[in-house]
Amino acid sequence: MKNLIIKNAAELVTCRGNRAKKGREMSELHVIPDGTVVIEDGIITAVGNSQEICAYLDESNYEVIDASGKAVLPGFVDSHTHLVFGGYRAEEFSWRLRGDSYMEIMQRGGGIINTVKATRQASKAELLASAKKRLDSMVSFGVTTVEGKSGYGLDDETEIKQLEVMQQLNEEHPVDVVSTFLGAHAVPNEYKGREDEFIDFLIDKVLPVVSERKLAEFCDVFCEQNVFSVEQSRRLLRKAQEFGLGVKLHADEIVQLGGAELAAELGAVSADHLLQASDAGIKALAEAGVVATLLPGTAFSLKAPYARGRFMIDQGCAVALATDMNPGSCFTESIPLIFALAVLYMNLSIEEAVTAFTINGAAAVGRADKIGSLDVGKYGDVVILEFPSYKYIPYHIGVSTVEKVIKRGVLVFDKVKLS
Ligand SMILES: O=C(O)CC1=NCN=C1
Ligand SMILES: [Zn+2]
């Protein structure tokens, strides 16, 4: 089904635009009442009022979905996930419930290193199968593009294995996966106390292969106290830029290290987490046009303070939202949960949260020209809700309001058919 008409939408939420929206622009969704979107060969060819569009179209050449009484939006972009991993850390979750902190668990050899052990042991087939199941779940929440990170290998073989699995997902699963190299996710046991040498290893041995084989579009780093310093992060990311990769940072998640300032200095595509970001860092992100990708699910799961989303938008930042889906600090792919947390605890408006999960999420993966809005020329990535307004997404707390998902003009999820 490549030629498709989705017509009579109660609200056609276009999120019109081909770049990140910042500050006040984030509230502008450009909603068309009684709207229709036309998709041909997977690309949007018309968007507008139903009467005007359907007057000239011969519907017999198309599949037709009547979206009467339903809201229609661009497919959601989950721009920060740790999609490919082996093993789980449910035990650690119960340790955190009794009071152990995320960093305490990490420092005693658990955390990311725990997942590294399981991922190094897992076969590519096992990693592929588990990641496909997670992508299927993400689609049911309306996600049509996912950013996935490596970072559970911390050696050349397994980092490459994770990135190869994401390449294979792109070939075998309808969701588009944008790959990020996160070799600097933690210091592996074999380099304990020798962090600078580990950064050297990544620069000399892994980055060249990732770049040569085009295994990733971005390079990311866990810029955090007791993980990688601002200077170590700068050294790695500058080298990644020389290799032609875009850069992202896990910045100011646990302590205010200055990751936001570094992201602005480097012209990163996004700075992520920002729970502890300083006023100066936030202002620097706004001025540099770096997308502030907020992950309230992680704050919720770690019982940590939420990032200052309202302040960031008022300072002129472009804010994106994402799940941070990973086996340790935030094991969820629930878009509605993140939506609800953003509007209830970070004081975003519902309109700003929609922008943050569409066009700004697209900008955070460098694809605001292809996805993230219902504009002519963009991919036909569309979400149809069961309800007449986008306002139901956070209102129906934690429950998916998604009825149908279309990826490049193809129906890839249908709650009605499943019932
Ligand atoms: O704990 C994990 O596996 C993911 C994570 N990286 C940095 N913060 C959370
Ligand atoms: Zn993360």
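A quick definition to start: UniProt annotations may be inferred rather than shown by experiment. Keep that in mind, since this is also a predicted model.

So, the site. The unreviewed UniProt entry carries a "binding site" annotation on His80, His82, His250 and Asp324. In sequence these residues spread over 245 residues. In space they cluster, and the largest C-alpha distance is 12.0 Å. Three of them, His82, His250 and Asp324, help line the largest cavity.

Let's take two of the histidines in turn.

His80 first. His80 sits in strand S6, residues 76-81. Is His80 buried or exposed? Buried, because its relative accessible area is 0% and the cut-off for buried is under 20%. Now its contacts, leaving aside neighbours within four places in sequence. Two residues of the annotated set turn up there, His250 and Asp324. His80 also touches Glu147 and Lys149. Further along the chain, its partners include Asp272, His273, Thr293 and Leu295. Ala322, Thr323 and Met325 are in contact with His80 too.

Next, His250. This residue belongs to strand S10, residues 246-251. His250 has 2% relative accessibility, so it counts as buried. What does His250 contact, beyond its neighbours within four places in sequence? His80 and His82, for a start. Then Lys149, Leu182, Asp220, Val221, Phe222 and Cys223. Asp272 and His273 complete the list.

Some partners recur. Lys149, Asp272 and His273 contact both His80 and His250.

One specific pair to look at on screen. The side chains of His250 and His82 make a polar contact at 3.3 Å. Both residues are in the annotated set, and both are in the lining of the largest cavity.

Definitions and conventions:
Residues numbered from 1 in each chain as written. Chains lettered and ligands numbered in written order. Predicted model: local features only at pLDDT ≥ 70, side-chain atom pairs only at ≥ 80, totals over all residues. Heavy atoms only, no water. 1 Å grid on protein atoms, 1.4 Å probe; cavity = no way out; pocket = protein on both sides within 12 Å on 5 of 7 lines; lining within 4 Å. Helix = DSSP H or I, 4+ residues; strand = E, 2+ residues; numbered from the N terminus. Buried < 20%, exposed > 50% of the residue type's maximum accessible area, 1.4 Å probe, protein only. Contact = heavy atoms within 4.5 Å. Polar contact = N/O pair within 3.5 Å; in protein donor to acceptor, adjacent residues only side chain to side chain.
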